[in-house]
Amino acid sequence: ALTALVRTQNPAAEGCMRFLWRQQNEDGSWGAASWNQENIHVTAQAVKALCDYRDSINYVLGLDSVISRGVKWLRSAQNPDGGWGNENNSLYDTLLVYQAMKASSVAPLEAGSALQYILQLQDQDGGWNGSAVETSLAVQALTGLEPDLTILEDSLVVSNDEPTEGDTINLSVGIENAGFIAAGAFDVSVFEGDPKAGGVLV
């Protein structure tokens, strides 16, 4: 309901958000009702909805902490093969958790192994489990995935910081992929100045 209210910018969204906030368990999870124990797909949907509120409606002090606690609990509930399930692995639960991970801008090993788990369950006909619902969730989860390469701060190392004309200089730099999929092989270019502001390729 919260996600639908967010999409329509409905004023009732704030009350819905605060209700979800109050229903969070001490361990960071959510259950289907206040007397229920933690539940994976309920927690995943709560995290996703709260992220939608945070990103589309308004930033609320303390909301990031609520989301982080939910994500931390989901991480702890992941199975060794990358999937999630309240008892046994469930593709449906895994897809919901993966969407929550994406929405919360988390790209840890947990999300990468979840992606592999999802992909390996795709049917020969392109769907998942012969289910329109699960296939739709898989398409949403996999849409827009790309590497996110970032140069690590203070990682540039120059082999000779006092070169003379004609010297060969080796440069090395640390690069981190904060995205959800592998980057594969890629080239690194060095510019003198900002390449977006007229920087010159070295």
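**Helix packing and two loop residues in a predicted model**

Colleagues, I begin with one helix pair: α5 and α7 are roughly parallel to each other. Their axes come within 10 Å and cross at roughly 25°, an angle that falls under the limit of 35 degrees and therefore counts as roughly parallel. Helix α5 covers residues 91-103, and helix α7 covers residues 132-142. Please keep in mind throughout that this is a predicted model.

Let me stay with this pair for a moment. The crossing in which α5 passes α7 is left-handed. On the α5 side, the residues that meet α7 are Leu91, Tyr92, Leu95, Leu96, Tyr98, Gln99 and Lys102. Facing them from α7 are Val133, Glu134, Leu137, Ala138, Gln140 and Ala141. Sorted by class, this contact has 9 nonpolar, 2 polar and 2 charged residues.

I turn now to the chain as a whole. How many helices and strands does the protein chain have? There are 7 helices and 6 strands. In sequence order the pattern reads α-α-α-α-α-α-α-β-β-β-β-β-β, so the helices precede the strands along the chain. Of the 202 residues in the protein chain, 36% are buried. The accessible surface of the chain comes to about 12,400 Å², and carbon and sulfur atoms hold 50% of that area. As for contacts between residues at least 6 apart in sequence, 57% of them join residues at least 24 apart.

The next topic is helix α3, which spans residues 40-56 and takes part in two of the packings I wish to show. Consider α4 as the partner, at residues 63-76. The two axes come within 10 Å and cross at roughly 150°. That angle makes α3 roughly antiparallel to α4, because the class begins over 145 degrees. The crossing of these two helices is left-handed. From α3, the contact is made by Ile40, Thr43, Ala44, Val47, Leu50, Cys51, Tyr53 and Arg54. From α4, the contributors are Leu63, Asp64, Val66, Ile67, Gly70, Val71, Trp73 and Leu74. The residues of this contact divide into 12 nonpolar, 2 polar and 2 charged.

Now consider α2, residues 13-23, as the partner of α3. Here the axes come within 11 Å and cross at roughly 140°. Which class does that give for α2 and α3? The answer is oblique, because roughly antiparallel would require an angle over 145 degrees. The handedness of this crossing is left-handed. Ala13, Glu14, Met17 and Leu20 of α2 meet Ala46, Ala49, Leu50 and Tyr53 of α3. By class, the contact has 7 nonpolar residues, no polar residues and 1 charged residue. Leu50 and Tyr53 of α3 are listed in the contact with α4 and also in the contact with α2.

One residue of this contact deserves a closer look. Ala49 belongs to helix α3 and, as just stated, is part of the contact with α2. Is Ala49 buried or exposed? Its relative accessibility is 7%, so Ala49 counts as buried; the cut-off is under 20%. Ala49 and Cys16 lie 33 residues apart in sequence, with 9.9 Å between their C-alpha atoms.

I come next to the strands. Strand β1 covers residues 149-151, and Ile151 is placed in it. Ile151 counts as exposed because its relative accessibility is 56%, and the cut-off for that class is over 50%. Leaving aside residues up to four places away in sequence, Ile151 touches Val173, Gly174 and Ile175. For Ile151 and Ile175, the separation is 24 residues in sequence and 4.5 Å in space, taken C-alpha to C-alpha.

Finally, two loop residues have backbone angles that you may wish to inspect on the screen. Where is Asn129 found? This residue is in the loop between α6, residues 109-120, and α7. The phi of Asn129 is near 55°, a positive value in a residue other than glycine. Asp154, in turn, is placed in the loop between β1 and β2, the latter at residues 157-158. The phi of Asp154 is near 60°, again a positive value in a residue other than glycine. With a relative accessible area of 75%, Asp154 is exposed.

To close, I return to the three helix pairs: α5 and α7 are roughly parallel, α3 is roughly antiparallel to α4, and α2 is oblique to α3. Thank you for your attention.

How values were computed
Residues are numbered from 1 along each chain as its sequence is written. This is a predicted model: local features need pLDDT of at least 70, side-chain atom pairs count only at pLDDT 80 or more; totals for chains, interfaces and linings use all residues. Side-chain values use heavy atoms; hydrogens and water are left out. Helices (H or I, at least four residues) and strands (E, at least two) are DSSP runs, numbered from the N terminus. Buried means under 20% relative accessible area, exposed over 50%, partly exposed in between (1.4 Å probe, protein chains only). Contact means heavy atoms within 4.5 Å. Accessible areas come from the Shrake-Rupley method with a 1.4 Å probe; for residues, only the protein chains shown count as cover. Axes are lines fitted to C-alpha atoms, for helices over the stretch in contact, and angles run from 0 to 180 degrees between N-to-C directions. Angles under 35 degrees count as roughly parallel, over 145 as roughly antiparallel, 65 to 115 as roughly perpendicular and the rest as oblique. A crossing is left-handed if the near helix is turned anticlockwise from the far one by less than a right angle, and right-handed if clockwise. Ala, Val, Leu, Ile, Met, Phe, Trp, Tyr, Cys and Pro count as nonpolar, Asp, Glu, Lys and Arg as charged, and the others, Gly among them, as polar.
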